[in-house]
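Visitor: I'm new to this one, so could you walk me through it?
Guide: Happy to. Take a look first, then ask away.

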Amino acid sequence: MKKGMARRAIAATLAIGVGITLAACSGSGGGDTGGSVKAGDYSGPKVTVTFWNGWTGGAAPVLVPKLVKKFNAEHKNIVVKDVPMEWGDIAKKMPLAVKAGKGPDLAVGHGDDIATYAAQGLLLKSDSIVKSLGYTDSDFPAGLMKDGNYNGSQYGIPWSVTPLGLYVNKDVLKQAGLDPSNLPTDKQSYLAALQALKAKGIQGEWVDGFVFTGTFEFESLLWQYGGELFNDDVSKATFNSDAGVKALTWMTDLIKNGYSPSNVAQDGNINALVASKTAFNWNGVWQTTNTALSKVDWTAVPVPQIGDQKAVWSSSTHWMFMNNKGQDKNKTSAAATFVKWMNDHSSGWAETGELPAANSVRNDPALVQKYPNLKPFLEELPYAHYETVAPGITNVEATITTAVNEAVLGKKTPKQALDDAVKQANQLLEQNKSQYGG
Amino acid sequence: MVSITPTALGARDRVSRAPRGARRTGTAYLFLAPFLVLFCVFVLAPCVYGLWISLHNWNPLLPNQPFIGLKNYIDLFTPGTLTSGNFWESMLATGIFTVASVPFLIVIPIGLAQLLNRRIAGGTVFRAVFFAPYVLGVAVIGVIWKYLLDPQVGVVNHVLGMLGLPANTPWTVDVPWAWVSLVGVTVWWTMGFNTVILLAGLKGINAELYDAASVDGAGAARKFFSVTLPGLRPVMTFVTTLTILASANMFGQSYIITGGHPGNQTRTAIMYISDEGLSQNQMGAASAMSYILFAILAVISIINFRLQRDTTK
């Protein structure tokens with residue numbers, strides 16, 4: 001009881017704080033573009049740009065300060081202050097901080113957070129910034145700019161993408177007499193490989209029912225079968241369509257036919273690949289930096305085409321210009337200069353296991369030369385699908401994972417699990433609509 | 001015990017009782033004041049405010065919090081709404097966990113306390129050993145056991161396999177094994193606390209009572225039920241109440257070890273409430289759920305106190 005009260009007390013105190021803050025600052029909504037950027041660099045008075053990001057792990061904590069230092073040295077009138085913190089902390093702190101005028105001038109966010117932030121009035125419309133920086137859709141992978149667009153306005157500028165790929169343990173393939181240089185690309189060859197592995201007592205792909213990465217695999221398959229997660233205006237969930245059922249049934253059939261064990265734990269599959277217990281794992285490009293993988297002879301290829309067309313899940317991160325109370329236009333302009341500079345200097349970002357979004361950097365042959373592991377992931381981008389853009393969408397996406405989990409664990413049939421999840425998702429979409437509007 | 005003192009004093013100073021009593025009361029209030037202020041500001045006020053929030057469609061990120069009366073509560077009791085199915089599923093999870101864990105958390109500590117109460121060599125060491133896990137945070141024990149119990153690469157299944165037992169039990173992935181894991185981990189983690197409290201209770205029982213019982217020809221079992229248990233009654237009430245409430249508020253173990261899966265079957269009430277309020281920003285609905293959970297726990301606590309009340313006095 002004491003604990004419960006404490007929890008409620010915290011929640012309520014938080015709510016009081018929010019209430020006061022909201023009362024203190026009037027109005028919300030998109031806000032106008034705070035600052036015009038000329039084609040060249042920012043040339044106004046010296047400003048400090050505060051920059052929040054969730055880059056706390058991997059190579060980023062070394063790389064980012066280096067880049068920022070270089071930028072600051074090259075720009076006498078801009079000082080960028082790099083503030084890394086956990087992604088979860090950013091999501092918690094951002095709304096209050098921005099409403100109070102104490103948020104960052106610039107932040108990096110995931111594709112499915114942009115609309116939520118925009119609907120809360122936390123972001124500046126950046127159409128004119130995009131225009132003055134000279135960015136167009138063709139500067140980034142197909143469809144990625146759209147991912148930062150909400151209600152007809154641009155709120156994000158792409159920074160990185162992280163598609164799923166097929167990780168392969170070559171030693172395990174050899175055990176089953178398979179040729180590691182001739183890897184499966186479609187349903188037939190994938191099933192043939194799984195069958196050959198099964199004949200040697202190896203379960204070739206361990207299917208899990210968690211966000212990482214069962215949900216990503218399900219979504220990739222759904223798109224391959226021609227389905228969509230939601231309808232066009234994201235007012236209804238459609239992932240229980242035939243395509244969805246086919247996708248999820250493919251995954252449960254792998255278990256049913258003995259190609260996968262049942263009850264795989266979170267990350268159980270990549271761990272099994274590292275332990276040479278399985279041959280294939282659908283996982284994100286970020287695993288290329290997984291040091292445990294270096295213990296085995298591995299490679300990665302584009303995910304095989306199981307359905308009727310090529311498609312793969314990818315997440316993305318974007319630059320966001322923050323709509324602080326009393327936002328200084330000069331700071332926003334300076335931030336835009338920083339964004340452009342960072343995108344131009346993003347080739348090193350591949351070090352973190354993410355693909356730079358800027359085509360000019362990604363298409364430079366030097367990138368693949370330096371990071372050959374990224375090649376298959378780069379090849380996938382023309383048919384990659386990014387996050388759904390709608391306020392509060394992450395809550396809705398959680399229902400997809402519930403369905404995948406229930407089906408993979410055999411609690412429900414794929415159809416039943418997806419139908420139940422869609423029912424819940426539609427209620428959540430309705431709630432989001434009534435709270436965030438259009 | 002304590003209640004005797006004021007009565008005795010009062011009887012002696014009958015004449016001057018009123019003014020001195022008032023001063024005494026005033027002094028007591030003065031000493032209680034700091035806590036009272038903290039209690040009012042950080043517990044009472046937020047509680048009342050939470051009740052107010054629960055009557056609204058309260059998304060803290062948005063400028064307007066429309067008043068919707070009892071709708072949040074009505075929704076929770078209307079099948080088919082967004083919150084009712086999830087909430088009662090999470091309440092069921094909490095119920096299962098509480099019913100499964102509390103008996104073990106009472107019975108095992110009583111047994112351990114009995115053993116530790118004997119003058120055995122190394123008794124202090126064992127007491128420390130049993131209490132040790134309790135000093136660890138839930139994040140630590142959660143992560144440790146998540147690894148140990150991992151169905152594919154965990155040590156537990158590996159050892160079971162070496163012993164010729166099934167080596168593919170999904171301890172952290174599927175029910176009912178996930179419940180076995182959650183209850184087992186919690187018992188291992190917190191039984192030391194109950195043991196120490198009960199041990200203190202045992203030491204408080206007059207040894208002469210056991211001697212007298214022996215003289216009357218009572219065996220070990222009879223002594224346990226007629227001397228030990230009645231002697232532990234006040235301590236037991238405390239331990240049971242606290243254990244029930246702690247189990248009903250379980251959050252971290254599920255959050256870390258099972259993630260609430262399969263589906264949402266091991267997502268406890270507190271886990272769902274915090275998700276609804278803090279992740280989904282539906283503070284109004286989350287507050288309403290908190291109040292229902294609070295009401296149910298209050299009733300259970302009252303029943304518990306009634307049941308364990310000393311009827312001999």
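Visitor: Is B:Cys40 buried, exposed or partly exposed?
Guide: Keep in mind that this is a predicted model. Buried would need under 20% relative accessible area, and exposed would need over 50%. B:Cys40 comes out at 31%, so the label is partly exposed.

Visitor: How many disulfides turn up over all chains?
Guide: Let's try B:Cys40, whose closest cysteine sulfur sits in B:Cys47. The two sulfurs are 11 Å apart, which is too far for a bond because a disulfide needs them within 2.5 Å. B:Cys47 is in no disulfide either. Searching the whole structure gives a count of 0.

Visitor: And is B:Cys47 buried or exposed?
Guide: The cut-off for buried is under 20% relative accessible area. B:Cys47 has 14%, so we call that residue buried.

Visitor: On to chain A: how much area do domain 1 and domain 2 of chain A bury between them?
Guide: Domain 1 covers 2-162 + 314-384, and domain 2 covers 164-313 + 392-436. Their C-alpha centres lie 29 Å apart, and each domain puts 23 residues into the contact. Carbon and sulfur atoms account for 64% of the buried area, which totals about 1,700 Å².

Visitor: Which helix gives the largest share of the side of domain 1 of chain A that touches domain 2 of chain A?
Guide: Across this interface there are 0 salt bridges, but 4 residue pairs are in polar contact. Helix H4 (114-119), strand S6 (156-169), strand S9 (312-321) and helix H14 (375-380) of chain A each supply at least two residues on the domain 1 side. The largest share, 4 residues, comes from H14(A).

Methods: Residues numbered from 1 in each chain as written. Chains lettered and ligands numbered in written order. Predicted model: local features only at pLDDT ≥ 70, side-chain atom pairs only at ≥ 80, totals over all residues. Heavy atoms only, no water. Buried < 20%, exposed > 50% of the residue type's maximum accessible area, 1.4 Å probe, protein only. Domains from an automatic or database assignment. Contact = heavy atoms within 4.5 Å. Buried area = accessible area lost by both parts, 1.4 Å probe. Salt bridge = Lys/Arg side-chain N within 4 Å of Asp/Glu carboxyl O. Polar contact = N/O pair within 3.5 Å; in protein donor to acceptor, adjacent residues only side chain to side chain.
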